[in-house]
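Here are my comments on the model you sent over, written up as numbered points. Have the viewer open while you read.

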Amino acid sequence: RLQIATVGPLSESAAFAGDGREKRLDSTQLATSSFAQPSGLCILGDDLFVADSESSSVRVISLSSGSVRTLCGGDADNPNNLFAYGDVDHHIPSTVRFQHLLSVCAIDETCLLVADSYNGKIKRVDPRS
């Protein structure tokens, strides 16, 4: 599935975020956002961070507002372009490139660690970007 789901105590599941289409689409509403193989998740404050593997980007779900945005990686101009990947470390979020993220872990308010699998690296990202 190309969605973030919730799982209840009896193993029932329901869509939480994402419309099921494979792309990197930000939205002010959870149901109209899109993901491309969401993999790793972590929570920091009111934000749920998502390692979105096929879009090679770190996505943020605001649990307070219900919006979805791209923190870094991927193609900022074309949500259908799943081929904007590479190996670029930079302090400007729009220029950072990953290739097939698998996991994201919050260390503190200033540090996320991202498993950039095809580049064989753990990259540090500032979630305040």
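The points below go through the two sheets, two loop residues and the largest pocket.

1. First, a reminder that we are looking at a predicted model. Please keep that in mind for every value quoted here, since they come from a prediction.

2. Start with the four-stranded sheet. This is an open sheet with the strand order S3-S4-S5-S6, and the pairing is antiparallel. Strand S3 (38-44) and S6 sit at the edges, each pairing on one side only. From one strand to the next, the twist averages 25 degrees.

3. Inside that sheet, S4 and S5 run antiparallel and are joined by six bridges. If you want a register check, look at leucine 48, which stands opposite isoleucine 61 in S5.

4. Next comes the S5/S6 pair. Strand S5 (residues 57-62) runs antiparallel to S6, and five bridges join the two. Here the register can be read from serine 57, which stands opposite glycine 73 in S6. S5 and S6 form a hairpin with five residues between them. Which residue in the turn has a positive phi? That is glycine 66, with a phi of about 80 degrees.

5. Is strand S6 (residues 68-73) mostly covered or mostly uncovered? Mostly covered: five of its six residues are buried. So an edge position, with pairing on one side only, goes together here with a strand that is mostly buried. As a reminder when you look at the faces, side chains in a regular strand alternate between the two faces of the sheet.

6. Now serine 55, which is found in the loop between strand S4 (47-52) and S5. Its relative accessible area is 2%, under the 20% cut-off, so serine 55 counts as buried. The side chain of serine 55 also makes a polar contact with the side chain of aspartate 52, at 3.0 Å.

7. The other sheet has three strands. It is open as well, in the order S7-S8-S9, with antiparallel pairing. Strand S7 (101-108) and strand S9 (121-125) each have a single partner strand, so one side of each is left without a neighbour in the sheet. Direction ignored, neighbouring strands of this sheet are turned by 25 degrees against each other on average.

8. Within this sheet, how many bridges pair S7 with strand S8 (residues 111-116)? There are six, in the antiparallel sense. For the register, find serine 103, which stands opposite alanine 115 in S8.

9. Tyrosine 118 lies in the loop between S8 and S9. Its relative accessibility is 56%, over the 50% cut-off, so tyrosine 118 counts as exposed. For a distance check, take the C-alpha atoms of tyrosine 118 and threonine 95: these residues are 23 apart along the chain, and the atoms are separated by 18 Å.

10. Last, the largest pocket, with a volume of about 160 Å³. Its lining has 13 residues, and those nearest the centre are His90, His91, Val96, Arg124 and Val125. Which strand gives the largest share of the lining? It is S9, with three residues. By character, the lining divides into six nonpolar, three polar and four charged residues. If you plan to look at this pocket again, S9 ties it to the three-stranded sheet, where S9 is an edge strand.

How values were computed
Residues numbered from 1 in each chain as written. Predicted model: local features only at pLDDT ≥ 70, side-chain atom pairs only at ≥ 80, totals over all residues. Heavy atoms only, no water. Buried < 20%, exposed > 50% of the residue type's maximum accessible area, 1.4 Å probe, protein only. Pairing = 2+ DSSP bridges. Axes fitted to C-alpha atoms, helices over the stretch in contact; angles between N-to-C directions. 1 Å grid on protein atoms, 1.4 Å probe; cavity = no way out; pocket = protein on both sides within 12 Å on 5 of 7 lines; lining within 4 Å. Points joined across faces, edges and corners; volume = space filled by probe spheres on them. Nonpolar A, V, L, I, M, F, W, Y, C, P; charged D, E, K, R; others polar. Polar contact = N/O pair within 3.5 Å; in protein donor to acceptor, adjacent residues only side chain to side chain.
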